[in-house]
Protein chains: 4
Amino acid sequence: MPPIVSDSYKEKKKREILSSALVCFAKKGFQVATIDDIVEHSGISKGAIYNYFKSKDEIYLELMATDTEESFELLTKDLSTYKCAMEKIHYLFDVYLSFNVLEEETHSKIIVHNEFKLYAARNQEIMEKLTARRHHYLIQLFVEIIKEGQESGEFKHQLKPETTANLFWSMIDGVTIQSIYNDYPYKEVLNEMKQLFLEKVKA
Amino acid sequence: MPPIVSDSYKEKKKREILSSALVCFAKKGFQVATIDDIVEHSGISKGAIYNYFKSKDEIYLELMATDTEESFELLTKDLSTYKCAMEKIHYLFDVYLSFNVLEEETHSKIIVHNEFKLYAARNQEIMEKLTARRHHYLIQLFVEIIKEGQESGEFKHQLKPETTANLFWSMIDGVTIQSIYNDYPYKEVLNEMKQLFLEKVKA
Amino acid sequence: MPPIVSDSYKEKKKREILSSALVCFAKKGFQVATIDDIVEHSGISKGAIYNYFKSKDEIYLELMATDTEESFELLTKDLSTYKCAMEKIHYLFDVYLSFNVLEEETHSKIIVHNEFKLYAARNQEIMEKLTARRHHYLIQLFVEIIKEGQESGEFKHQLKPETTANLFWSMIDGVTIQSIYNDYPYKEVLNEMKQLFLEKVKA
Amino acid sequence: MPPIVSDSYKEKKKREILSSALVCFAKKGFQVATIDDIVEHSGISKGAIYNYFKSKDEIYLELMATDTEESFELLTKDLSTYKCAMEKIHYLFDVYLSFNVLEEETHSKIIVHNEFKLYAARNQEIMEKLTARRHHYLIQLFVEIIKEGQESGEFKHQLKPETTANLFWSMIDGVTIQSIYNDYPYKEVLNEMKQLFLEKVKA
DNA sequence: TATGAATGAGATTTCATTCAT
DNA sequence: TATGAATGAAATCTCATTCAT
């Protein structure tokens, strides 16, 4: 007997649930947001949610899993259109410079993204996955650009690609998390960082 | 008749509870850690805890309140022994460079400190307090040093003290939070930042 | 998709809980009776009870709300079958004369009904509702009868309907609450009251 | 070794506690009022209270015990100054007519007095004591007056003294408890009762 | 597959009572 | 005797999860 509903239907439903869950977790935090909050926000019944996910925890883990991927997609989307490494670095900074951290949605995303990290930080198994993913996606992405720049002669040769990648992401993480403070001059600080960073890398 | 126990006894007891609570919150997170965890860790009875704090939330808030102050104390402890602004900046970086982020306790503190921020981020009133405290303690501290350096001619005159202070703390925050990832080269990245930063500020 | 259970099912369930709660409150008093008592008596789980009522207090308030209405229903049930006012007064007394105050259930109801009043007496808002309800139902009911009797010439014209109504209910309340004493001659006293009252009103 | 504090001191202390407890119970009800409320109101420490009373329940029971006695004292105070039975009945009604039920203190006393009854009503042993006390003090008091009036020819001979006594107290109880309703015409109703009652008894 | 009523473990909090000082 | 900090049993309420329909 063929499945009564198509896989694509199921996929769509899952994404619906995840998207509502993200909103709820962003608003209240994972622990405080309840399944009923998700029910209310998504309009999908409790039973249905449990048909798609074994537990509240699983919803959270799935969201965490997609978190890095989404960042990655966002970052790589137009990256290939830039030809030289320096432009790529510019582009990466500009992606973050374009964030409006005062916007409700951005603000929420930053909070929930950091909550993911803290949640993982207390759970060795999840932390390992998250670390691996970060390496695979974010660090590698940057390492490639550094290497490309070094080969093209744009960047200093003594730069350690991995350290530089970590430096970049640490700075980004720094401004991002500080942006939750009221009146934090996000753009100003990030621009300083950009300038600092570019001077550091350019040959 | 004199009071049964002295105020200092009560103060000590309160600190005992707070210190146990901090450990528990660090280990499991505020939501997951229970009053029973604190009872078990502190050896103080549930009722006694509620004699000192009205609610679990109040314990958390009190911990948050002391969080910045403790950092501030740590940072200002030896700061006055340094005579020139440049040395002071060195010192501030070195305080963070001396952190052993692999140590259980440091790791926990970093996590719980960031959890404080996220908790506050969802609560306008608390966020305002936290922002004010950050300004009063951390930003001002750094602004003074920058100004001092500018007056003594050690630092560039075109530096905007406040932006520079924000830059510093954003970088510190960035490495700190990234340190929760396994195998993160905390010291290496922080050293790069220090170097970058010093070059930026020095006249 | 139709609702899982009908509204009448939910109504029935609610009444089940209320009825169990009434028994428990009657047996032990509102403060002493616990939700677990209601769970045990009703066989309905704690969670289910909280699905129907927000709090123990709400259960109590709902019971209070229905208390007067039930009395009113009991009293008005056959009242219309009596044609003249005098017969109606007779009927009202007889309703109370038919109470067997030695019976466990009646005894409990009297206690819980009076507990309602005391509870309300400490809460201005609830008291106002209770007072309004008493006026609307019990006092008006009696006032109508008095007026009817005055118009038909059965009753004295100088009777003040409202005062007379209050007199009636005060006497009823008096015997009722005294009935909780062991060996109180409930019927005898109430019969005296009836006789006294009838003489007073009849033209 | 002689007692360090005199018996009269202890007696005074006990009365202090009881008087504070009465206020607290009146304000909040026995179950809701806490020992800490009594501590706060009396200014006597928790430990001291437990030196004088074994439990919160015991405080309550002692208050109940004095409740009837106090009424009795109030009623008998000037009763002997009246020579004829009819005047005595007048006096008894007038005592209650002189109550200002709108006054905070009177209101509270009525509530707590009725709470005593309900509390007792759920406890056979206490109920027996209360019933006995009522008989001994209140009913007997009235029975004597009725008999006196019958002997002097003031009252009807066919009155059953005990029933008449019960009738009197039931009416008093009725107006008293109804007085907790807002805008209850206490004096008006009680005056009607007095008139009714006097007509009933007088020869 | 969808629904939402039911479940009950487990959390927070209260407060009568004890007891060291 | 007086004090009030400490205790812990027991209460209320929440909410992730199950399951009959």
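This passage looks at how two chains of a predicted model are related, then at some salt bridges and at one lysine of chain C.

Start with the symmetry. Laying chain A on chain B takes a turn of 179° and a shift of 0.0 Å along the axis, and the fit comes out at an RMSD of 0.2 Å. The two copies are thus related as by a two-fold rotation axis. As for contacts, the same surface serves both copies, with 100% of the contact residues of chain A turning up again in chain B. The residue of chain A that comes closest to the rotation axis is A:Gly174, whose C-alpha sits 1.7 Å from it.

Next come the charged pairs. Counted over all chains, the structure holds 52 salt bridges, and three of them are picked out here, from chains A, B and D. In chain A, A:Asp37 pairs with A:Lys28, and the closest N and O atoms are 3.1 Å apart. The two partners fall into separate accessibility classes: A:Asp37 counts as buried because its relative accessibility is 15%, under the 20% cut-off, whereas A:Lys28, with a relative accessible area of 37%, is partly exposed.

The chain B example stays within one helix. B:Lys12 and B:Glu16 both belong to helix H1 of chain B (residues 7-28), where they are four residues apart, or about one turn of the helix. Their salt bridge has its closest N and O atoms 3.9 Å apart, which just makes it through the door, because a salt bridge has to be within 4 Å. Both ends are partly exposed, B:Lys12 at 47% relative accessibility and B:Glu16 at 33%.

Over in chain D, D:Lys54 forms a salt bridge with D:Glu58, and here the closest N and O atoms are 3.2 Å apart. D:Lys54 is exposed, at 69% relative accessibility. D:Glu58, on the other hand, has a relative accessible area of 21% and is partly exposed; that puts D:Glu58 barely outside the buried class, because buried means under 20%.

Last up is a lysine of chain C. C:Lys14 is found in helix H1 of that chain, which spans residues 7-28, and with 22% relative accessibility C:Lys14 counts as partly exposed. Setting aside neighbours within four places in sequence, C:Lys14 is in contact with C:Tyr52, C:Phe53 and C:Glu62. C:Leu167 is another matter: C:Lys14 and C:Leu167 are 153 residues apart along the chain, and 36 Å separates their C-alpha atoms.

Conventions:
Residues are numbered from 1 along each chain as its sequence is written. Chains are lettered from A and ligands numbered from 1 in the order in which they are written. This is a predicted model: local features need pLDDT of at least 70, side-chain atom pairs count only at pLDDT 80 or more; totals for chains, interfaces and linings use all residues. Side-chain values use heavy atoms; hydrogens and water are left out. Copies are superposed by least squares on the C-alpha atoms of residues with pLDDT of at least 70 in both. Contact means heavy atoms within 4.5 Å. A salt bridge is a side-chain nitrogen of Lys or Arg within 4 Å of a carboxyl oxygen of Asp or Glu. Buried means under 20% relative accessible area, exposed over 50%, partly exposed in between (1.4 Å probe, protein chains only). Helices (H or I, at least four residues) and strands (E, at least two) are DSSP runs, numbered from the N terminus.
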